[in-house]
Amino acid sequence: MSGSTPFKMRLVHLDLKGAPPKVSYLSEIFPLFRALGANGLLIEYEDMFPYEGPLRLLRAKYAYSPAEIKEILHLAGLSELEVIPLVQTFGHMEFVLKHAAFAHLREVGPLPCTLNPHEAESLALVGAMIDQVLELHPGAQRLHVGCDEVYYLGEGEASRRWLQQEQNSTGKLCLSHMQAVASHVRARRPGVTPLVWDDMLRELPEDQLAASGVPQLVEPVLWDYTADLDVHGKVLLMQKYQRCGFLRLWAASAFKGATGPSQALPPVEHHLRNHAQWLQVAGSGPTDALQGIILTGWQRYDHFSVLCELLPAGVPSLAACLQLLLRGGFDEDVKAKMENLLGISSLEITDPVREGAGSFPGRSILALVTQVSLHLRSSVDMLLEGNRYVTGWFSPYHRQRKLIHPVMVQHIQPAALSLLAQWSTLVQELEAALQLAFYPDAVEEWLQENVHPSLQRLQALLQDLSEAAAPQPPPTGPAGGAAQDP
């Protein structure tokens, strides 16, 4: 197995639009990233960036302060991790366009996802965002300007009018905005290279791409998170981009956050296969074309979706994928060394952390999230739908009417109380662990989505049981009154 890797740069993506880690957690995890083989970070701040002035309303409640941004960069430097900030400038603009102050800049009025590229104010807006981000990243060599999944482009009223003109197309519209954004970056900071996601470029004709000027301004990031990506197709795409004038290309894989919007634990085998195939692409494509690979770790599919796998839950997957990239494969020896480094007994999610032996930051979160994800709902389902006393003597019909045979209370209540106590204790541990790594809103959201519904079902059963078992008042009225003399 080769000990070298075709990917000179290996960046871990931090998606901060959901469950952004506290700086104290980042201080613990950055050295691990480096030890595992990463040498850079792609930080997608979204609403966690401390925007100022008219942009201040973009800040999330717990947005990092300028001092915290400076500390993050310092911590990254200590671990020899290059930081590339990411600012969305076209699609995925929900965190900006959801605000009434910027709603008039939407491509399609009711939809806050895509910026209207025809408005001069749109470019001024993203220019101001870029300027503030660059100001707090004085040493940045690269800036990712997003531009992926520009949904509904061309469907706005201004776009429809523009597209009626001869030779205009959505591709030309997209390239024009990319060119304007990238030119702003180059003018403001000539030493900074803009990166863009490549999905809006893939289908464009070569002559249109080449003539746009975009290949001289940006470096595209070819992204594919599937376990069965088309290696040959990717090689052909790389060759196409080079013919169009893009001299340097990037790849993007995924170690979490790409297999389901509500996924709680990453399917490690899926992500390993994804990275193995990216190695094949690098080995088959144009020599030295790929500058590096971004291991994405999405935390939400978009600003409005639920949380997917928390960062600590994705650490074993990240470790395995980085080691595969570094060593050219993932045999039993590599696997054993990685598991030993993390203090885990197995990559299998059913046995994530040896008792007391996990040695990576957030190991307790992984262990407890695993327990909740694999067993909480099923254990409650088993009691409510598989317990013969509940299904046979305290069905929804009985619960609604508060009817129960007294002896059945003794068959149901102890089991329900025991299960509730067991999970309540574990959830208290999980909440305490989450609070160390995340801000209160993320802790609340994860528990409400993944824990509270099952516990509430248990509590509701016990409440109904208590009410049904309580002494009932005697019936009143003619049917139940005392006998009357004729």
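**View A. Cavities in the predicted model.** In this predicted model, a search of the whole structure turns up three cavities of 30 Å³ or more. Let's step into the second largest cavity, which has a volume of about 70 Å³. Its lining includes His13, Leu14, Asp15, Phe255, Lys256 and Leu311. Strand 1 (9–15) and strand 9 (249–256) each provide at least two lining residues, and strand 1 gives the largest share, three residues. By type, the lining splits into six nonpolar, three polar and two charged residues.

**View B. Helix 4 and its packing partners.** Helix 4 covers residues 120–135, and its end C-alpha atoms sit 23 Å apart, which agrees with the 22 Å expected for 16 residues at 1.5 Å a residue. Among its buried residues are Leu125, Val126, Met129, Ile130 and Asp131. The buried residues of helix 4 pack against strand 3 (82–86), helix 3 (94–97), strand 5 (111–115), strand 6 (142–144) and helix 6 (170–188).

**View C. The Arg457 and Glu385 salt bridge.** Here is one of the 19 salt bridges in the structure. The closest N and O atoms of Arg457 and Glu385 are 3.3 Å apart. This pair links distant parts of the chain, with Arg457 in helix 17 (residues 452–469) and Glu385 in helix 12 (residues 363–386), 72 residues apart. Arg457 is partly exposed at 30% relative accessible area, whereas Glu385 counts as exposed at 56%.

**View D. A salt-bridge network at helix 17.** Glu467 forms a salt bridge with Lys402, with 3.6 Å between the closest N and O atoms. Glu467 lies in helix 17 and Lys402 in the loop between helix 14 (396–401) and helix 15 (406–437), so the pair ties together parts 65 residues apart in sequence. Arg399, Lys402, Asp464 and Glu467 are linked in a network of salt bridges.

Note on methods. Residues numbered from 1 in each chain as written. Predicted model: local features only at pLDDT ≥ 70, side-chain atom pairs only at ≥ 80, totals over all residues. Heavy atoms only, no water. Helix = DSSP H or I, 4+ residues; strand = E, 2+ residues; numbered from the N terminus. Expected span 1.5 Å × (residues − 1). Buried < 20%, exposed > 50% of the residue type's maximum accessible area, 1.4 Å probe, protein only. Contact = heavy atoms within 4.5 Å. 1 Å grid on protein atoms, 1.4 Å probe; cavity = no way out; pocket = protein on both sides within 12 Å on 5 of 7 lines; lining within 4 Å. Points joined across faces, edges and corners; volume = space filled by probe spheres on them. Nonpolar A, V, L, I, M, F, W, Y, C, P; charged D, E, K, R; others polar. Salt bridge = Lys/Arg side-chain N within 4 Å of Asp/Glu carboxyl O.
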